[in-house]
Structures are given as structure tokens and as C-alpha cells.
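Q: Please take a close look at a single part of this structure, the lining of its largest pocket. I would like one connected account that begins with the residue classes there and then goes on to the surroundings.

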Amino acid sequence: VPSVAPSATPSSSPSQAPSLSTSYCSTVGREIVLPAVYKSTNYCYKVEVEANGKLFVDTADLGCLVYNTFNTYGGSEISSYQSSGSNGIATYSGVWSGEITVIEDATVSQDTLVINPRRTNSGTKTFVMTLTVTSCN
């Protein structure tokens, strides 16, 4: 006969506080170099989400192979960081202008950068990206 009584008593002092796995970052305290696909090509981007930050792209280092091998970044600045909101949206302006939504997700094993192909336009030089980081710091 199955028991309806619990087999263990719940702890009144759990070892870890419960938390949501995702939140937004208004800034990221480090530069991030990641590959991201734009128009079927895997370019190498450097993202700085902080005051005086920049957005760079290296169109010659496909998939960030050179960066990952030699820790050398040869990209060009395409935009400058302007501000961030509490919703995690960082705005940039420059040769290219747009926004990057920055999400902190402690459950991911590595940072990722995704370019929204429907909202990124090389003719008007506008972009929309999502940067998911393991930590805002």
C-alpha cells in the first residue's frame, strides 16, 4: 500500500536560496569576444556593454578562430555604447546603430551572441542582437 506521508521532512534552512535562472544586465564588467552569424557568415564580434564601450566586428576572423587561437583581435569599431535600461537593452550608435539585449543566465555554460536577421539591415546599418552571458560581472 503506497504511503501518503512524506519520507523526509523539508529543511527549514535550505543550503541555497532559490533564484530565477535569468535576469537582465545593465552593464557587463568585461569585454566579450564571440562569433555570431550574419547573412550566413560567422563573423567575430567584440562587445563592450559599459560607459565608453564599443561594438567591433572582424569580418576576416570567421568564427573567431584567430582570436581563440592567438588571443589577438583585429576587428574594426562599428558602434559606440550609449546607455542601458533596466530591461537589459543597451543602445549603440555609430556607423551601425541598434540595440543589444543583455541577459544573464547562470544555467548556460558559455556566453552567446545572436543577431536577429529580421531586424538587422545592412542597407540602413541597423542591428538588433541578444547577448546571453553566464554572469553580468
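**The lining of the largest pocket and its surroundings**

A: Sorted by class, the residues that line the largest pocket comprise 9 that are nonpolar and 3 that are polar, with no charged residue among them. This description rests on a predicted model, and the pocket in question holds about 220 Å³ of space. Its lining is made up of Tyr 38, Tyr 43, Tyr 45, Val 57, Thr 59, Ile 78, Trp 96, Ile 115, Thr 120, Ser 122, Phe 127 and Met 129. Two elements, β3 and β9, each give two or more residues to this lining.

Several of the lining residues can be followed outward through the strand pairing, and Tyr 45 is a convenient place to begin. Tyr 45, which lines the pocket, stands opposite Val 57 in β4, and Val 57 is itself a lining residue. The pairing of β3 with β4 is antiparallel and extends over 4 bridges, and the two strands form a hairpin with 6 residues between them, in whose turn Asn 52 has a positive phi of about 65°. Strand β4 is mostly covered, with 4 of its 5 residues buried. A further 4 bridges join β4 to β5 in the antiparallel sense, and in that pairing Val 57 stands opposite Ser 76 in β5.

Met 129 offers a second route away from the pocket. Met 129, also part of the lining, is the bridge partner in β9 of Ile 100, and the two strands concerned, β7 and β9, run parallel and are joined by 8 bridges. Strand β7 also pairs with β6, in this case antiparallel and through 4 bridges, with Tyr 92 having Gly 98 in β7 as its bridge partner. The hairpin of β6 and β7 has 3 residues between the strands, and Gly 94 takes a positive phi near 155° there. Strand β1, residues 22-24, is likewise antiparallel to β7 and is joined to it by 3 bridges; the partner of Thr 22 in β7 is Asp 105.

Some of the residues named so far recur in the nonpolar interior. The largest nonpolar core has 26 residues, and Tyr 45, Tyr 92 and Ile 100 are among those with the most contacts inside it, together with Val 49, Leu 55 and Leu 131. At least two residues of this core come from each of β2 (32-38), β3 (41-47), β4 (54-58), β5 (76-84), β6 (89-93), β7 (97-105), β8 (112-115) and β9 (126-133). Another core, of 5 residues, lies apart from it and includes Cys 44, Phe 56, Cys 64 and Tyr 73.

Two cysteines of that second core lead on to the disulfides, of which a search of the whole structure finds 2. Cys 44 is joined to Cys 64, with a distance of 2.1 Å from S to S, and the link is right-handed, with 105° about the S-S bond. Because Cys 44 lies in strand β3 and Cys 64 in the loop between β4 and α1 (65-70), the pair ties together parts that are 20 residues apart in sequence. Both Cys 44 and Cys 64 are buried.

The other disulfide joins Cys 25 to Cys 136, with a distance of 1.8 Å from S to S. The torsion about the S-S bond of Cys 25 and Cys 136 is about -80°, and therefore this disulfide is left-handed. Since Cys 25 lies in the loop between β1 and β2 and Cys 136 in the segment after β9, the pair ties together parts that are 111 residues apart in sequence. Cys 25 counts as buried because its relative accessibility is 1%, and Cys 136, at 13% relative accessibility, counts as buried as well. With bonded cysteines counted along the chain, the disulfides follow the pattern 1-4, 2-3.

From Cys 25 the account returns to β7, the strand in which Ile 103 has its place. Ile 103 and Cys 25 are 78 residues apart in sequence, with 5.9 Å between them in space, C-alpha to C-alpha. Whereas Cys 25 is buried, Ile 103 counts as partly exposed because its relative accessibility is 22%, and the cut-off for buried is under 20%.

How values were computed. Residues numbered from 1 in each chain as written. Predicted model: local features only at pLDDT ≥ 70, side-chain atom pairs only at ≥ 80, totals over all residues. Heavy atoms only, no water. Core = buried A, V, L, I, M, F, W, Y, C linked by side-chain atoms within 4.5 Å. Buried < 20%, exposed > 50% of the residue type's maximum accessible area, 1.4 Å probe, protein only. 1 Å grid on protein atoms, 1.4 Å probe; cavity = no way out; pocket = protein on both sides within 12 Å on 5 of 7 lines; lining within 4 Å. Points joined across faces, edges and corners; volume = space filled by probe spheres on them. Nonpolar A, V, L, I, M, F, W, Y, C, P; charged D, E, K, R; others polar. Pairing = 2+ DSSP bridges. Disulfide = S-S within 2.5 Å.
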